[in-house]
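Please consider the charged side chains of the following model and the contacts they make. The account below proceeds pair by pair.

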Amino acid sequence: MVRRHDEVAREGRRRRLTAQDWADAALSAMGEGGLAAVAVEPLAARLGTTKGSFYWHFANREALIEAALDRWEQKATEAIIAGLASEPDPELRLRRLFSEASELAAHDPLEVSLPASAGHPQVAAVLRRVTERRVGYLAQLFVELGFPPEQARRRALLAYTGYLGHTQLTHAVPETLPAGEDGRRYLDSVLDTLMTAAPES
């Protein structure tokens with residue numbers, strides 16, 4: 001999760017802010033108000049610092065946006081995949097992946113707000129990378145579960161589009177989704193369907 005601005009601001013009074021602090025603050029701003037919310041002066045005020053701190057780390061706003069998007073890519077995709085590496089069972093990895101990713105997405109507005117800004121070249125580039133990485137990882141899991149590569153790819157796409165729809169509903173109309181233990185059973189049933197459906201011709 002992105003750190004709270006007031007926590008960063010308090011620490012900023014005691015130490016020099018890092019590029020990561022700025023990137024995290026920019027991610028928070030994107031989640032709250034989209035790319036338009038990433039502006040140097042308001043971010044400096046929220047961090048309790050001056051524009052000089054920004055220019056110590058970044059040449060311009062575009063460089064900050066790039067750093068923030070890279071940070072999101074690492075936290076929301078690569079770190080999750082790396083955290084599953086110690087699980088040898090592909091079925092358990094798939095179940096853990098969906099459980100952890102769905103939980104994180106429920107608290108991360110960027111999973112919804114970034115696709116809404118896909119017309120921006122920097123956002124479009126990171127969305128392409130993240131989507132291919134996530135779908136590719138899912139396809140790898142389905143291959144490990146015994147599906148031929150072409151079927152595995154199709155199932156990965158179906159699983160990922162299901163995840164995106166689930167995330168959209170979580171943020172827009174959460175009451176339509178089962179909660180608590182019912183929600184966990186629902187997710188398990190979706191994964192059961194994806195993993196045990198009859199082989200495709």
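In this predicted model, Glu-41 has a relative accessible area of 52%, so it counts as exposed. Its partner in a salt bridge is Lys-51, with the closest N and O atoms 3.3 Å apart. The contact joins distant parts of the chain: Glu-41 lies in helix H3 (residues 40-47) and Lys-51 in helix H4 (residues 51-57), ten residues apart. Lys-51 itself is partly exposed, at a relative accessible area of 38%.

A second pair brings together Glu-144 and Arg-93, whose side chains form a salt bridge with an N to O distance of 2.8 Å. Here too distant parts of the chain are linked, since Glu-144 belongs to helix H8 (residues 121-144) and Arg-93 to helix H6 (residues 90-106), 51 residues apart. Glu-144 is partly exposed, with 38% relative accessibility, whereas Arg-93 is buried, with a relative accessible area of 8%.

The acidic partner is the buried one in the salt bridge between Asp-24 and Arg-71. The closest N and O atoms of these two residues are 2.7 Å apart. Asp-24, in helix H2 (residues 19-33), and Arg-71, in helix H5 (residues 61-83), are 47 residues apart, and the pair links distant parts of the chain. Asp-24 counts as buried because its relative accessible area is 3%, under the cut-off of 20%; Arg-71, at 23%, is partly exposed.

Salt bridges also occur as a network, which links Glu-91, Arg-95, Asp-188 and Asp-192. Over the whole structure, the search finds 18 salt bridges.

Key: Residues are numbered from 1 along each chain as its sequence is written. This is a predicted model: local features need pLDDT of at least 70, side-chain atom pairs count only at pLDDT 80 or more; totals for chains, interfaces and linings use all residues. Side-chain values use heavy atoms; hydrogens and water are left out. A salt bridge is a side-chain nitrogen of Lys or Arg within 4 Å of a carboxyl oxygen of Asp or Glu. Helices (H or I, at least four residues) and strands (E, at least two) are DSSP runs, numbered from the N terminus. Buried means under 20% relative accessible area, exposed over 50%, partly exposed in between (1.4 Å probe, protein chains only).
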